[in-house]
Amino acid sequence: MVRLLEKKVCLVTGASRGIGKGIAEHFAKEGAVVYANARKPGSIDEWCREVAFRYKTRAVPVYFDVTAQDLMKKAMAFICSEEGCLDVLVNNAGITKNELIGMIRQETLQELYETNVFAVIHALQYAARIMRRKRSGSIINLSSIIGVRGNRGETAYSGTKGAVISITKSAAKELAPYQIRVNAVAPGMTDTDMFMEAAKTKENVEQNLAQIGFGRLATPDDVAEACVFLASDRSSFITGQILGVDGGTIL
């Protein structure tokens, strides 16, 4: 059986847990050569070895903080020197902080925008330079349902995810002449550690479930499957789109 991402060279940021980890594993399952990014050195070494063995491909850990522009640039250069190309970039790394309007601190804004927006632009820039050489590539940015519809207490966070949507659309137009596709995935409420930490209580989780048409949280696998499609040649004429993975939350 032909795998959808056979031998495509892919970089997934924020791959140590949650959605990013799910994306990296699904890419490997589909035959991609996966460079999985995490911040803490050594934290995903064993996992990468297991994934590479399980799916008969390569899974390589690359350690850097996405807000460290020089380290990100070195990592991209390393991948290019090892593989000669970069076919897919998934800008997944992100953080969330919830503060009411009157309580939003400058430090919160700085941290959110450095990770969720500035790092996305920097990674997109470096990846595009590499992809232009082959005149092909797919860049997938992770936004959020909150970036589409907003939410009480998440003005700062929703601003970053809304920015990702705008960045995606503008970059798609600019990079289309080079046959580089740029799309975004906007997950709804997803069963990850980050979501559970933000929800805080079982009651809050149940209230959130009531808003979802399908009556359940998304899983990292649900989001990963959407990313596989956008990374594959099956989406070769799709760019500038925001794909919601939200189980009918905003219907």
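## Strands and their pairing

Two strands count as paired if DSSP finds at least two bridges between them. This model is predicted. In it, strand β1 (residues 9-12) runs parallel to strand β2 (residues 33-38), and four bridges join them. One residue to look for is L11: Y35 is its bridge partner in β2.

Strands of a sheet pair through backbone hydrogen bonds, either parallel or antiparallel.

## The whole sheet

Now step back to the full sheet. Seven strands make it up, and the sheet is open. Their order is β3-β2-β1-β4-β5-β6-β7, with parallel pairing. Why is one side of β3 and of β7 left without a neighbour in the sheet? Both stand at the edges, β3 at 59-63 and β7 at 242-245, and each has a single partner strand, so one side stays free of a neighbour. Neighbouring strands are turned against each other by 20° on average, direction ignored.

## Helices on the sheet

Helix α1 (residues 18-29) lies across five elements: β1, β2, β4 (88-91), β5 (137-142) and β6 (180-187). Its direction is at about 170° to β1.

Helix α4 (residues 106-134) also packs on the sheet. α4 touches β4, β5 and β6, and its direction makes about 180° with that of β4.

## A cavity

Rolling a probe the size of a water molecule over the atoms shows where empty space is left. How many cavities of 30 Å³ or more does the structure hold? It holds one. The largest cavity has a volume of about 40 Å³.

Which residues line the largest cavity? They are T13, V66, M72, N91, A93, T115, A119, V120 and A123. Six are nonpolar, three are polar and none is charged. Helix α4 gives the most to this lining, with four residues.

Key: Residues are numbered from 1 along each chain as its sequence is written. This is a predicted model: local features need pLDDT of at least 70, side-chain atom pairs count only at pLDDT 80 or more; totals for chains, interfaces and linings use all residues. Side-chain values use heavy atoms; hydrogens and water are left out. Helices (H or I, at least four residues) and strands (E, at least two) are DSSP runs, numbered from the N terminus. Axes are lines fitted to C-alpha atoms, for helices over the stretch in contact, and angles run from 0 to 180 degrees between N-to-C directions. Contact means heavy atoms within 4.5 Å. On a 1 Å grid over the protein atoms alone, a cavity is a set of points where a 1.4 Å probe fits but cannot get out, and a pocket is an open set with protein on both sides within 12 Å along at least five of seven lines; lining residues have an atom within 4 Å of a point. Grid points are joined across faces, edges and corners, and a volume is the space filled by probe spheres set on the points. Ala, Val, Leu, Ile, Met, Phe, Trp, Tyr, Cys and Pro count as nonpolar, Asp, Glu, Lys and Arg as charged, and the others, Gly among them, as polar.
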